[in-house]
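Take a walk through this model from its interior outward. Keep the viewer open as you read.

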Amino acid sequence: MSSNRLPIRGGELLDRSTNLSFTWNGRAYSGHEGDTIASALAAAGVEIFSRGMKYHRRRGILTANHWDPNLSVQVGDEPNVRAGSRRLVDGMQVSAQNVWPSLRWDLGAVNRLVGRYLSAGFYYKTFMRPQFLWHNLYQRVLRKFAPGGRVHWKTGTHGEYDKRYAHPDVLVAGGGPAGMAAALSAAEAGASVMLVEQEPELGGHLRWGGPDDLAVLADLNRAVHSTPGIEVLCDSIVTGRYDHNWVAVVQRNHEIAPERLIKARVGSLIVAPGLVERPYVFAGNDLPGVMLAGAVRRLINLWAVKPGNRAVVLSANSEGDAAVADLESAGVEVVAVLDARAGEDVVGARGRGRVTSVQTGDGRTLKADLLVTATGWTAPTSLLNMAGDRPVYDRIAARYFPQSLPDNVLVTGGIAGDGSTTELTAHGRETGSLAAQRALRLRHDRLTQTPRSATPDSALPAAIADNRIPLRRSPHPECYRSTTHGLVDYSEDVSSKDLIQATGEGFDSIELMKRYTTVTMGPGQGKLETVNAAAVLAEARAVEMADIGTTVWRPPFSPVSLGALAGRIFEPVRRSALQNWHETNGATNLLAGQWVRPDHYGDPMTEASNVRENVGIIDVTPLGKLDLRGPDVANLLDLVYVNRWQKLEVGRVRYGAMVAEDGVVSDDGVTGRLADSHYLMTTTSSGAAAVWEMLEDWLQTYRPDWEVHVTPVTGGLTSINVAGPRSRELLERLVENVDLSAGAFPYFSVRTGTVSGVQDCIIWRIGFTGELSYELHVPSGHALHVWESLLSNGSDLGVAPFGIEAQRILRLEKGHYIVGQDTDGLSKASTAGLGGLVKLDKADTIGLPELRAAFERTDLPVLVGLQPDDPMIVPDEACQIVEAGSNEILGRVTSSRMSPTLGRSVCLAQVDPSLASAGTAVTVQLVDGRRITATVQEHHAHVDPEGARQRV
Amino acid sequence: MSELDFVSPVASGALSASGGGIALEDLSDRSKVLVRAGRSTAAGTHLKVTYGHSRRRRDGTLICGSRPDEWTLIADPGQGAELLASLPDEGFVSVVDITHGRAMFRLSGPDSVDALAKVCNIDLADDMTPDGAVFSASVAKVTCDLVRSDVADRRTYLISCERSFGRFLFAAIADACAEFGIDVPEDISMH
């Protein structure tokens, strides 16, 4: 392979003492530390890096930086890597994307034969009809032709992506000379600064400049790295600016993660991205060997790569002139320099696979293998758009400039105007000072307003006016398109001819044309294409550029990997103090909301039967628990529950149901009175947080005069339900100082005592399972001891743990409903079997007017007990109850299980009121389409409807 | 109850980086008492701490102004009863022992601020969150109360959460600390 590597250059980034091996399309290559993938390949003589998206024409280096549309490659299992900026790493496996069977012989190139039919709007025109083929054929075929690399999502070896937060006073987006100077002055003013640069080194265009530029850069680098308060993030990119200066930064190639998303809340944002050199539109402008002036300067000066042997240069500015000097210093023969400022032009580049000749505007044909264009700049105003700005076009300078920005967003550097390095850094310093002053004023405000913060050690910094001397706008010829047609968008293969055609078809607004032709919608997000597209549109409409407007740049500034956006994903899981025990004793877990819980320990039917016959224990810690204290607790309970609470005695427990203001059942549970002004409320497991918030809401807004303190204690009290006919016998062995006899401790009572040596346990006698049962609320740090004591002391009584599934069976046998399962968003208290509980004559209760209205209605669904006539059939929950002779829906099964106690299936169901009478036969449609009959029961309870078993 | 061991929600012992840049310890067994009282009550004036700040009492108890009219007292293990008894109870005052209800960890060392910034979006700069600052925040998506409580100039954060989240939160913070040299035990690794 040939070598284009030049002798050592003054500002090169290479460490020539290193030798990095890598492969390109399976073939071995080598480069040096400091090389990009592209520079190493170019140095080795590689000219073709990719194929165009639509026509699959060969593509070479165009810009030799992050924005190069021709340098997207696959690296290992990572697709769409920017080879123009990604540094070479030893062992890299690099390959071309979207080619088959190879980059050199790509079958997709046959598209060129039908290219005349692939014009603007081709997709919309071609794939509209017949519609049924869209899913069956068109979409699948188009996916095959989609550009980009492959994601090996099953075998990928990427590490996890990362995320962090930051709060710099000043964030500088762009580490060129103006950005560096801004960061320095902001830090010197006392601000904390984050300086973000998308290339691996700071310096911007100084990096490939001459000795004077390199000297300035060295000084700036020394200052930036020695000034306290500046965090430098290279190889990182500011991808978006959102409300209140929330700025997203993606930091690449971090030592612990391939990418890290930094969520920064910024006092002042300084936008200093420099300028993006734009291509020139002419026939053959996508041939390998056509490069921008900046590209050849970077290749020569940063990576010591000779970009060609015989060059033609079209120059409209000083960058082009400098490129001529660089080419000559690299030993490239400069065949001709065409001065666009004097009206000289290029109309075409020709060659097969690479430029071999150049046609000039004056009719000459020049033999050359390199055509360099320097025709102007695009201001990458994306972040300004995101801050609400609509940049305006200046025809004298031939580019867009910011118009109006919020005070917390400032610009400096090339995006703000032109100047020498000295002028740019001076403007940067002034901008940095202004940004720091504004940010520090904001910080001072925050310090005085935030309770936890320190008292500011100085007075509010004085506001200073924006007295910066604006950078000038240097005249530049409007060089966009030659007299021939060429590509405008290299990523999307959109030509100037396509744009003119689209305009002719009526898509003559810049936003419509963008969407119709996909121009500017590729990975570069319009950095190279937007201005040329607007120019072609202006030309087609014969109007001024300023009248065209621009497309609106939205986040992200540059494509972001999904991994970076996801970052570290936290999905909190809650565990009771007994969860380790459950897991080491054979429990099968169930994730219920955030709680991980034991669903069963092997056989839930046996667990349920054991509760009916002996005694079982279950961990019900997720049950919401709220400690209520104060003289007005009873008033609060009266407000939030549908029943009465003023007369609940100390030592007693009462069931209560809550409804929302629309009268719909929202939660339920029992509340016990532990002392005169001290209660413990329980809620459903899933409703604990919402009930707490609701109580606080009512206390803080509606009745701030009430003296009630609400403290959530869900995790602090491990809840253990001891259920079964032998539960009292078991507890009598462990409970001290509490008389558990039926007379002394009746149903719906609460006591506080010592259980197995653990003091301050709350014991209440309730019965969700329908059996004699006690619920223990134990300080969680000692809960394992109590749990194990129950098991060890009750082995002769047949004690065994039971899980959620057994509990569901038992409660269904007993006919206890579950809020949210047996009720829904339309279930009023009156229809959920709570008719007797609701006290409509109370002075006030949340939802009382709606409850009163609901009680007058006779058309609402009713919750009933239901038993299939075939006792062996268990209808799935949510099976519909239908009219026998039609498909009219008359209700649904809300809960269903096989009952081990009855040896038959049992259900709860919501039914039309016409079906709610006991003995009514209903038709249930099963999931498989069969229909069965079932009979409405007199009670919700299928087992012990009188409650004899739990009142012993 | 002192004869019974307190079982923490976190099974792991203290974790620290070899260079001393960061350490993470489980302090869930510390006595914790929640006080809610009007500022005009005897308890409110007795505590002498405003919302957002903390102070350490002579007996070593850390008094934190957790929220308006709400304080959290943190002391050595087994001191819950003494803490409860130490507070005047005139007026409308609630004092709840939350020792068993809150997991608590100590994250310390110069790298602790960077580790915490990976899981918490609060501005942790010295002026915004100085030594003694008390605040609530989401840490790895868990609602937490935090106190900056430096020890001998070593930056230190006390992070507490509802007990049931304790094991998850400890693992999440340990994971954030891995970048700074902590070896995360296999049994709590999130990877």
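Which residues does A:A183 touch, not counting residues up to four places away in sequence? The contacts are A:V172, A:V193, A:L195, A:V224, A:I230 and A:G432. Bear in mind that this is a predicted model.

A:A183 belongs to the largest nonpolar core, which has 212 residues. Together with A:V172, B:L169 and B:I173, A:A183 touches the most other members of that core. On the chain B side, helix α4 (residues 166–177) gives the most, with 9 residues. Both domain 1 (15–29 + 100–179) and domain 2 (31–97) of chain B give residues to this core, so the core lies between them. Another core lies apart from this one. That other core has 94 residues, including A:L623, A:V735, A:V750 and A:I809. As background, nonpolar side chains tend to be buried together in soluble globular proteins.

Now look at chain B by itself. The domain assignment splits chain B into domain 1 (15–29 + 100–179) and domain 2 (31–97). Taken over C-alpha atoms, their centres are 22 Å apart. Domain 1 of chain B puts 10 residues into the contact, and domain 2 of chain B puts in 10 residues. On the side of domain 1 that touches domain 2, strands β8 (102–108), β9 (134–139) and β10 (142–148) of chain B each supply at least two residues. By class, that side of domain 1 of chain B holds 5 nonpolar, 2 polar and 3 charged residues.

Next comes the interface between the chains. Here 41 residues of chain A are in contact with 42 residues of chain B. Several elements of chain A each supply at least two residues to its side, among them α9 (421–449), β33 (624–629) and α19 (783–793). Strand β8(A) gives the most to that side, with 4 residues. The chain A side divides into 14 nonpolar, 16 polar and 11 charged residues.

Return to chain A and find helix α6 (residues 293–303). How many of its 11 residues are buried? The count is 11 of 11. The buried residues of α6(A) include A:R297, A:R298 and A:N301, as well as A:L299, A:I300 and A:W303. They pack against α1 (37–43), β16 (276–277), β17 (290–292), α7 (318–329) and β23 (370–374) of chain A. Just after α6(A), A:A304 takes a positive phi of about 50°.

Two members of the 94-residue core, A:V735 and A:V750, lead to a set of paired strands. Strands β39 (residues 735–736) and β40 (residues 750–755) of chain A pair in the antiparallel sense over 2 bridges. A:V735 stands opposite A:V755 in β40(A). Strand β40(A) is also joined to β41(A), again antiparallel, by 5 bridges. There, A:V750 has A:W764 as its bridge partner. The hairpin of β40(A) and β41(A) has 2 residues between the strands, and A:S756 takes a positive phi near 50° in this hairpin.

The last stop is a barrel. In chain A, 6 strands close in the order β44-β47-β46-β45-β48-β49, with antiparallel pairing. Neighbouring strands are turned by 45° against each other on average, direction ignored. Strands β44 (residues 862–868) and β47 (residues 904–911) of chain A share 5 bridges. Within that pair, A:V864 has A:A909 as its bridge partner. Helix α20 (residues 804–814) of chain A packs on the sheet, touching β46 (889–899) and β47 of chain A. The direction of α20 makes about 120° with that of β46(A).

Key
Residues are numbered from 1 along each chain as its sequence is written. Chains are lettered from A and ligands numbered from 1 in the order in which they are written. This is a predicted model: local features need pLDDT of at least 70, side-chain atom pairs count only at pLDDT 80 or more; totals for chains, interfaces and linings use all residues. A nonpolar core is a set of buried Ala, Val, Leu, Ile, Met, Phe, Trp, Tyr and Cys residues joined through C-beta atoms within 7 Å. A residue is buried if 20 or more other C-beta atoms lie within 10 Å of its own, exposed if 12 or fewer, and partly exposed in between; C-beta atoms are placed from the backbone. Domain bounds come from an automatic or database domain assignment. Two residues are in contact if their C-beta atoms, placed from the backbone, lie within 7 Å. Ala, Val, Leu, Ile, Met, Phe, Trp, Tyr, Cys and Pro count as nonpolar, Asp, Glu, Lys and Arg as charged, and the others, Gly among them, as polar. Two strands pair if DSSP finds at least two bridges between them. Axes are lines fitted to C-alpha atoms, for helices over the stretch in contact, and angles run from 0 to 180 degrees between N-to-C directions.
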